[in-house]
Amino acid sequence: VRVDAFVATLDSSGNEIWNATYTGTQSDGLDAFYAVAVDPNDGSIYAAGSYEENNLFDALLIKYDSAGNEVWTDTITGPAISSLDQYNGVSVAPNGDVVLTGRYEDVNASGGVQLMVRRVDSSGSQVWIDLLDVTGALEDRGSYVEVDSSGNAFVVGTIDQGGLELDDAYYALHDAAGNTTWSYQIDGPATGECLNGSISCDLGLAGALLSDGNYLVAGALSQDKPNRGAYVQVSDASGANLWSREIDGEEDEVDALTAVDDSSGGSIFVGGYLARADAGIDFFLAKYTPDY
């Protein structure tokens, strides 16, 4: 059984306008898009994810025109023998360049997997690539990227400092040339393992550029062992924390926020999941008015 990557556009009534699929070369492969972005200049669609070939995963980016026709396909392959290269976030810059984030697996890196931020032009040619490898890391990865009006890229992800229980949420700002303007790690208050090391503890999963010029980061933080709570934070233009909230479910389980956005009135909306007392998981949606 194989799975194809899929993307579709809908009109305002929910009717499908067009859809497209991508089929890799492996007969039982798993191909998937994990992020999409629209170029407001011409309506082009960029779909980003990964595809499987020879039991290895390569990062995949496809550009479609506004009618759903494939314009070009770009892939990137890390040198690791057993690799899982993948895009998790994509955003279009004002000049039409495309910025992506995800994971890139390299056997020469200290831990193998690096957090990748990559910029390509509208033709798919690489402008620059930045790979973050934390000493002793096992799995650094980017989850979200958004480009502002000046071409700066705000990136949210997770860095691993040597084991699943040592993950930190991570966020950074890259300028248009790929230089890191600032970066921060968020380390939860718990010490030792989180859920006996069976899951990642501190995670950066989502973000947003707020209308007031600040930055929104969301994901999960380890609390008292073995609890992991959902987390959201607003940072200022220099990356410093202005406001934050932690949300715990009914049980010490795997709470997390996976989507965030703001309104023109300054309210913040967060979505994710929280654990119930009966060990089930519920969807979670909340609206906040930060007091910073």
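The following is a short conversation about salt bridges and burial in this protein.

Guide: This is a predicted model, in which local features need pLDDT of at least 70 and side-chain atom pairs count only at pLDDT 80 or more, while totals for chains, interfaces and linings use all residues. Residues are numbered from 1 along each chain as its sequence is written, and side-chain values use heavy atoms, with hydrogens and water left out.

Visitor: What makes aspartate 31 and arginine 2 a salt bridge?

Guide: A salt bridge requires a side-chain nitrogen of Lys or Arg within 4 Å of a carboxyl oxygen of Asp or Glu, and the closest N and O atoms of aspartate 31 and arginine 2 are 2.1 Å apart, so the pair meets the rule. By this rule the protein has eight salt bridges.

Visitor: Why is aspartate 31 called buried?

Guide: Buried means under 20% relative accessible area, exposed over 50%, and partly exposed in between, with a 1.4 Å probe and protein chains only; aspartate 31 has 0%, and is therefore buried.

Visitor: What is arginine 2 called at 24% relative accessibility?

Guide: Because its value falls between the two limits, arginine 2 counts as partly exposed.

Visitor: How do you know that aspartate 278 and arginine 276 form a salt bridge, and why is aspartate 278 called exposed?

Guide: Their side chains meet at 3.0 Å, N to O, which is within the 4 Å limit. Aspartate 278 has 53% relative accessibility and so counts as exposed, whereas arginine 276, at 28%, counts as partly exposed.
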